[in-house]
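Colleague: I have a chain here and want to understand how it is put together. Can you take me through it?

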Amino acid sequence: MTAPFLVPPVVHIEAIDRVELNRWLVAWNHRMGAFKRPPYKIEAHHALFHSGTPVAVTAASETVREVAGNTGIERTECVELARLCAAGPHICRPMLRLWREFLFPAIAAAHARSCAVSYQDRALHNGDIYRFDGWRKAGTGGGGGPDSRTGRPGRKMNIWVWPPHELTP
């Protein structure tokens, strides 16, 4: 017989659906808004809960393009961390670490992928969250004129990869 918890679990992670993911992305004013991509082979969304309330979310998918920018990493090789968002400051960093340590390996194994990539809009933030977590800048993408799918102006992106040894120095 196991001893009862002296304190109930304070934090945990659960899989969530796209509707719940988008509810929190919009409520927390994610700069890219709701996750509206068409469904790809990979769609894995998760929330970090504190005392039963979501405090951070992630969206994992396949890359939209066949190759991630100028990295040479093909869609079939990677999982894209397409959204990372939190209810308040300082929660994205632990959620990123939990995602790469526990969620990414399971998603990658289920889909035979070797690495994770994440696009960072250079106009919105400097990428320190990835750098400080051990990711490596793999290359760049976007910024080449209007998006051919949506017509929106292209954004200049840095592309980060995990694990960092997936790239040659």
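**Surface, sheet and core**

Modeller: The chain exposes about 9500 Å², and carbon and sulfur atoms supply 58% of that area. Keep in mind that this is a predicted model.

Colleague: What share of the 169 residues in the chain is buried?
Modeller: Buried here means under 20% relative accessible area. Counted that way, the buried share of the 169 residues is 44%.

Colleague: In what order do the elements of the chain run from the N terminus on?
Modeller: There are three helices and seven strands to place. From the N terminus on, the order is β-α-β-β-β-α-β-α-β-β.

Colleague: What is the strand order in the open sheet?
Modeller: The sheet has seven strands with mixed pairing. Its edge strands are S1 (11-16) and S6 (136-141), each pairing on one side only. The twist averages 30° from one strand to the next. The strand order is S1-S2-S3-S4-S5-S7-S6.

Colleague: Do S3 and S4 pair parallel or antiparallel?
Modeller: Strands of a sheet can pair in either sense, through backbone hydrogen bonds. Strand S3 covers residues 53-61 and strand S4 covers residues 78-86. Six bridges join S3 and S4, and the sense is antiparallel.

Colleague: Which residue in S4 is the bridge partner of Ala59?
Modeller: Start with another pair: Ala56 has Ala86 as its bridge partner in S4. For Ala59, the bridge partner in S4 is Arg83.

Colleague: Which residue in S5 stands opposite Cys78?
Modeller: S4 and S5 run parallel and are joined by three bridges. Opposite Cys78, in S5, stands Cys115.

Colleague: How many of the nine residues of S4 are buried?
Modeller: S4 is largely enclosed by the rest of the structure. The reason is its count of buried residues, nine of the nine.

Colleague: What angle does the direction of helix H2 make with that of S4?
Modeller: Take helix H1 (residues 18-27) beforehand: H1 packs on the sheet, touching S1, S2, S3 and S4, and its direction makes about 120° with that of S3. Helix H2 (residues 92-111) also packs on the sheet. H2 touches S1, S2, S3, S4, S5 and S7. Its direction makes an angle with that of S4 of about 150°.

Colleague: Is Thr58 buried or exposed?
Modeller: Thr58 sits in strand S3. Beyond its neighbours within four places in sequence, Thr58 contacts residues including Leu21, His45, Leu84 and Trp99. Its relative accessibility is 0%, so Thr58 counts as buried.

Colleague: How far apart in space are Ala47 and Ala59, C-alpha to C-alpha?
Modeller: Ala47 lies in strand S2 and is buried, with a relative accessible area of 0%. Leaving out residues up to four places away in sequence, Ala47 touches several residues, among them His12, Ile16, Val57 and Met95. Ala47 and Ala59 are 12 residues apart in sequence; in space the distance is 9.1 Å.

Colleague: Is Val7 buried or exposed?
Modeller: Val7 is in the segment before S1. Together with Leu6, Val10 and Val11, Val7 makes a nonpolar surface patch of about 430 Å². The cut-off for exposed is over 50% relative accessible area. At 56% relative accessibility, Val7 therefore counts as exposed.

Colleague: Among contacts between residues at least 6 apart in sequence, what share joins residues at least 24 apart?
Modeller: A contact means heavy atoms within 4.5 Å. Among the contacts you describe, the share joining residues at least 24 apart is 65%.

Definitions and conventions
Residues are numbered from 1 along each chain as its sequence is written. This is a predicted model: local features need pLDDT of at least 70, side-chain atom pairs count only at pLDDT 80 or more; totals for chains, interfaces and linings use all residues. Side-chain values use heavy atoms; hydrogens and water are left out. Two strands pair if DSSP finds at least two bridges between them. Helices (H or I, at least four residues) and strands (E, at least two) are DSSP runs, numbered from the N terminus. Axes are lines fitted to C-alpha atoms, for helices over the stretch in contact, and angles run from 0 to 180 degrees between N-to-C directions. Buried means under 20% relative accessible area, exposed over 50%, partly exposed in between (1.4 Å probe, protein chains only). Accessible areas come from the Shrake-Rupley method with a 1.4 Å probe; for residues, only the protein chains shown count as cover. Patches are made of residues with over 30% relative accessible area and no salt bridge: like charges are joined within 9 Å, nonpolar side chains (Val, Leu, Ile, Met, Phe, Trp, Tyr) within 5 Å. A salt bridge is a side-chain nitrogen of Lys or Arg within 4 Å of a carboxyl oxygen of Asp or Glu.
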